[in-house]
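Hi,

Here is the structure I promised to send over. Please have a look at it first, and then read my notes underneath.

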Amino acid sequence: MKYVNLSRLIGRIARSNLQELPLPYRLTFAVTNRCQARCSMCNIWQKPVDNELTVAEIDQLFTKANRFSWINLTGGELFQRSDLPDIFSSVIYRSRDLYLLNFPTNGIQTDEIVTAVDWILHKTRLPRLIVSVSIDGPPELHDRIRCVPGCWEQAIATFRSLRNRRSSRFSVYLGHTIQSANLGYFDECVTACKKVLPEITLDDFHVNLAHFSGHYYDNADRDALPDRTGAAHALAGISAQRTRKKLDPVSFMEQRYQRHAQSYLRTGIAPLGCQAAGASCFIDPTGIVYPCSVFDAPIGSLREHDLDLYELWRSTGQRQIRGKIIQGACPGCWTPCEAYQTILANLIRGKHTS
């Protein structure tokens, strides 16, 4: 299973360098808006939490759309759904081509998170699992950004427990989102983490940029985006200190993402032709399909298409939205949710884009 699914993922990545893909191989699925944090960079926690896709609907979704190679589950905070174990089960067992599953967490619900990871590693044959635990700064700043006293300590406890489970199948990182509230505090963040986790290095951090999104973060009213010049300077400093590990795909993606992020911050333009609504898509908690987490251009509702994503993918709406993205008529962003498959689709210079 591992090598078969890896070869399929590699084949789809290679094909995306040469032509448009008939179906997406990567999915970002926000399973809930529920979150016990009240983060300063987003309003997800204020959005409605009713009308989420049920476990039965999610199972139907992945029974029909079962060819994803890479699935990113997100929220809100995933572990605020009490039925999350059943969701993991549907996603993993129904997705016959699945090679990589990843998800972020605020780390507050340590016991539930560790139990879920143990179940995936010991009870399933999933080839690769990656978890990122959010750390926005040193303790006081992190808790202030998240509006949860003790959140930093709980996140560190979760990371420590998960780090003890690392293997060739499982990796865990500290996720750091550069935003206006923590710009310039990354070094202090690393120092604080090293005091309680002396063995960690800069390579244990996954770094990304805050973005505005109308349909996902719903944060246009917040001063969340960092100063572009300051953020570019911070990323340059982080990149210079990273270990350049040969033949490590995670290290490769992190380095490429940060290098292109500096260009994005300087110009305000996405540095590569985006793969949203082509190689990838985004599904919100109610089953509305979007090209990505930023472009507020719904492709359609899964509930109106019998939970059949592939039927929806063959629609005129999908083709029109993909055409707009190819032409650059979208907000333009550089979030890892969209940047990673875009980087992978631009490994060959002069790739076909229509």
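Below is what I found, starting with the sheet and ending with the helices.

Please keep in mind that this is a predicted model.

The sheet is open and has nine strands, in the order S6-S5-S4-S3-S2-S1-S7-S8-S9, with mixed pairing. Strands S6 and S9 (300-301) sit at its edges with a single partner strand each, so one side of each has no neighbour in the sheet.

Strand S1 (residues 26-30) is a good place to start looking. Five of its five residues are buried. Its two faces are both covered, with Arg 26, Thr 28 and Ala 30 buried on one side and Leu 27 and Phe 29 buried on the other. On the S2 side, S1 runs parallel to strand S2 (residues 70-74) and is joined to it by five bridges; here Phe 29 has Leu 73 as its bridge partner. Between these two strands the chain passes through helix H2 (residues 55-64), giving a right-handed β-α-β crossover. S1 also pairs with strand S7 (residues 280-283), again in the parallel sense, over four bridges, and Leu 27 stands opposite Cys 281 of S7.

The direction changes at the next pairing: S7 and strand S8 (residues 288-290) run antiparallel and are joined by two bridges. Phe 282 is partnered there by Tyr 290 in S8.

Now to the helices. Helix H4 (residues 110-123) lies across strands S3 (100-105), S4 (128-134) and S5 (170-178), and runs at about 170° to S4.

How many residues of H12 are buried? Nine of its nine are, so the rest of the structure largely encloses this helix. Among them are Cys 337, Glu 338, Gln 341 and Thr 342. The buried residues of H12 pack against helix H1 (2-16), S1, S2, S6 (205-209), H9 and S7.

The contact with H9 is worth opening in your viewer. Helix H9 (residues 249-267) packs on H12 (residues 336-344) at an angle of about 105°, and their axes are 10 Å apart. That makes the two helices roughly perpendicular. From H9, the residues involved are Phe 252, Met 253, Glu 254, Arg 256, Tyr 257 and His 260, and they meet Pro 336, Ala 339, Tyr 340, Ile 343 and Leu 344 of H12. By class, this contact has eight nonpolar residues, one polar and two charged.

Best wishes

Definitions and conventions
Residues numbered from 1 in each chain as written. Predicted model: local features only at pLDDT ≥ 70, side-chain atom pairs only at ≥ 80, totals over all residues. Heavy atoms only, no water. Axes fitted to C-alpha atoms, helices over the stretch in contact; angles between N-to-C directions. Parallel < 35°, antiparallel > 145°, perpendicular 65-115°, else oblique. Contact = heavy atoms within 4.5 Å. Nonpolar A, V, L, I, M, F, W, Y, C, P; charged D, E, K, R; others polar. Buried < 20%, exposed > 50% of the residue type's maximum accessible area, 1.4 Å probe, protein only. Pairing = 2+ DSSP bridges. Right-handed = clockwise from strand over helix to strand, strands pointing away.
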